[in-house]
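Got your viewer open? Load the model and get ready to select a few residues as we go.

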Amino acid sequence: MSKLARGVAIIGAGMSKFGAFKDKTTRELFVEAFLEAKSSVDNGIDVKDIEALFLGNFSNDIFEGQVHTGPLMANMVGITPAPAMKIEDACASSGVALRLGILAIASGVHDIVCVGGVEKMTNLETARVTDVLASAADAFYEFPAGATFPGLYAEMANAHMKRYGTTIEQLRLVGIKNHENGALNPKAQFQASIRDIMKSRMEKAKAKGLPVPTWKDEMEFLEDPVANPIIAWPLRLFDCSPITDGAAVVILAAEEIARKFTDTPIYVAGTGQGSDALALHDREDLTSLRAARVAAREAYRMAGVEPKDIQLAEVHDCFTIAEIVATEDLGFFKPGEGGKAVEEGVTKRDGEKPINTSGGLKAKGHPVGASGAAQVVEIWHQLRGSAGPRQVSGVELALTHNVGGSGASCAVHIFRR
């Protein structure tokens, strides 16, 4: 597919607050995100104009005991009787839903569609959530052997460190950077830098009359095995994205009618998707995700651009090593140089290639079915110049990278102002 047969634009975007909400249901989170997206359409939109819903969701059947969520969410926001469907591709569910929504418009089947993602994960205890997520790994080979996603990504981290000399300090710098960005995002689950978290723990210890830790900086804090315990070596707690509830929604329209709804449409320049073996032992390489490379190549070709042209990206940092691997798979840096780029500040908000200005999955949160759509919400704000204190100036071309599981699926999208 060299290019879309018909142009597609984002005319509205919104998301719920991300976090742990014991008193909210999946449908309430989705309605919250939808209403914000609807109200963001500059010239207004009638819900009856929306012709379909493509909903990303990973495992609401286990998390909340509810299936058939496509028509459920459509009915909650008034889209029925238009077609509504749920898309499941693990953590890439709403990234793939976005691609299907784009293709539905590009094909001429629809003119306006809603794409969303939602997950309510905190209904279950952490151990049970870990088991549910592990079902996106190979249920025959990996899960029975006790392989969880921290363990699988730890294998990738170890392979990357052995081959390229990537360091633990570089992994920690990814978390430090993304928490600094998340501190500026009012929708993020963690609106605090790691330094803020460190200082807060010191103050709490003092207030309780306990020995006050003497961490001199974030690195020393992250080295502390009590403050930052090992989950799966070399990954520690602050290398891992959290368990999150949340929803995100974008509204797409055909290019020729987009300006009826907004004077600042954000155009889809390219879309790509790839897949790979589910189990790590069947992969050709543990230091790179083939699905991501394939998806990126397709998206770049369609957009007619190269990695150097991308000014900002939201990538799938479910673990800190995942961001480093992503920036290499996307061609921003040569294999093995992603960690060095983080160390040199290249991927900071004010760096040459800002990555995860939203805080990423690491700080913004990772409600798995909603993460891909939430990445697009951030890009929509950045391209429109409405990202507030985390705004990067002059952004005209940006990218999202949404991975499923340990890399068996990936969707990459490129957007242009």
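Here is a tour, stop by stop, of things worth selecting. Bear in mind that you're looking at a predicted model.

**Stop 1: helix 1 and a hidden alanine**

Start by selecting Ala-33, which sits in helix 1. Is Ala-33 buried or exposed? With a relative accessibility of 0%, Ala-33 counts as buried, because the cut-off for that is under 20%.

Now show what surrounds it. Leaving aside residues up to four places away in sequence, Ala-33 touches Gly-14, Met-15 and Ser-16, along with Ala-247, Ala-248 and Val-249.

**Stop 2: helix 3 and its packing**

Next, colour residues 69-77, which make up helix 3. Which residues of this helix are buried? They are Thr-69, Gly-70, Leu-72, Met-73, Ala-74 and Val-77.

Show the neighbours of those buried residues and you'll find several elements. They pack against helix 1 (26-40), where you just were, and helix 2 (60-63). Strand 2 (53-56), strand 3 (84-87) and strand 4 (112-120) are packed against them too.

Stay here a moment for the backbone. Step to His-68, in the loop between helix 2 and helix 3. His-68 isn't a glycine, yet its phi is positive, at about 60°. His-68 counts as exposed, with 64% relative accessibility.

Then go past the other end of the helix: Gly-78 follows helix 3, and its phi is positive as well, near 90°. Keep going to Thr-80 and Pro-81, which are joined by a cis peptide bond with omega of about 10°. Pro-81 belongs to the loop between helix 3 and strand 3.

**Stop 3: Arg-6 and its two partners**

Time for some charges. Side chains of opposite charge can pair when their charged atoms come close. A search of the whole structure turns up 19 salt bridges, so let's visit a few.

Select Arg-6 and Asp-111: their side chains meet in a salt bridge, 2.5 Å from N to O. Asp-111 is in the loop between helix 4 (93-106) and strand 4, while Arg-6 is in the segment before strand 1 (8-15), so this pair ties together parts that are 105 residues apart in sequence.

Now add Glu-256 to the selection. Glu-256 also forms a salt bridge with Arg-6, and the closest N and O atoms are 2.8 Å apart. Because Glu-256 lies in helix 10 (residues 255-261) and Arg-6 in the segment before strand 1, the pair ties together parts that are 250 residues apart in sequence.

Try a surface view of the three. Arg-6 is buried, at 16% relative accessible area. Asp-111 counts as partly exposed, at 29%, and Glu-256 is exposed, at 54%.

**Stop 4: a bridge between two helices**

Move on to Arg-99 and Glu-298. What links them? A salt bridge does, with the closest N and O atoms 3.4 Å apart. Arg-99 is in helix 4 and Glu-298 in helix 11 (residues 290-303), so parts that are 199 residues apart in sequence are tied together. Arg-99 counts as buried, at 11% relative accessibility, and Glu-298 is buried too, at 13%.

While you're on charges, select Asp-276, Arg-283, Glu-284, Arg-290 and Arg-293 together: they are linked in a network of salt bridges.

**Stop 5: two more backbone details**

Zoom in on Trp-233 and Pro-234. The peptide bond from Trp-233 to Pro-234 is cis, with omega near 10°. You'll find Pro-234 in the loop between strand 5 (230-232) and strand 6 (235-236).

Then jump to Asn-356, in the loop between helix 13 (338-343) and helix 14 (360-364). Asn-356 has a positive phi of about 60° although it isn't a glycine. Asn-356 is buried, with a relative accessible area of 0%.

**Stop 6: a negative patch on the surface**

To finish, turn the surface on and select Glu-169, Glu-337, Glu-343, Glu-344 and Glu-352. They gather in a patch of negative charge. Glu-169 lies in helix 7 (residues 168-182) and counts as partly exposed, at 42% relative accessibility.

One last thing to try: draw a distance from Glu-337 back to Ala-33, where the tour began. Their C-alpha atoms are separated by 37 Å, and the two residues are 304 residues apart along the chain.

Technical notes
Residues numbered from 1 in each chain as written. Predicted model: local features only at pLDDT ≥ 70, side-chain atom pairs only at ≥ 80, totals over all residues. Heavy atoms only, no water. Patch = residues over 30% accessible without salt bridge, like charges linked within 9 Å, V, L, I, M, F, W, Y side chains within 5 Å. Areas by Shrake-Rupley, 256 points an atom, 1.4 Å probe, with all protein chains shown as cover. Salt bridge = Lys/Arg side-chain N within 4 Å of Asp/Glu carboxyl O. Lys, Arg positive; Asp, Glu negative; His and termini not counted. Charge placed at Lys NZ, Arg CZ, Asp CG, Glu CD. Helix = DSSP H or I, 4+ residues; strand = E, 2+ residues; numbered from the N terminus. Buried < 20%, exposed > 50% of the residue type's maximum accessible area, 1.4 Å probe, protein only. Contact = heavy atoms within 4.5 Å.
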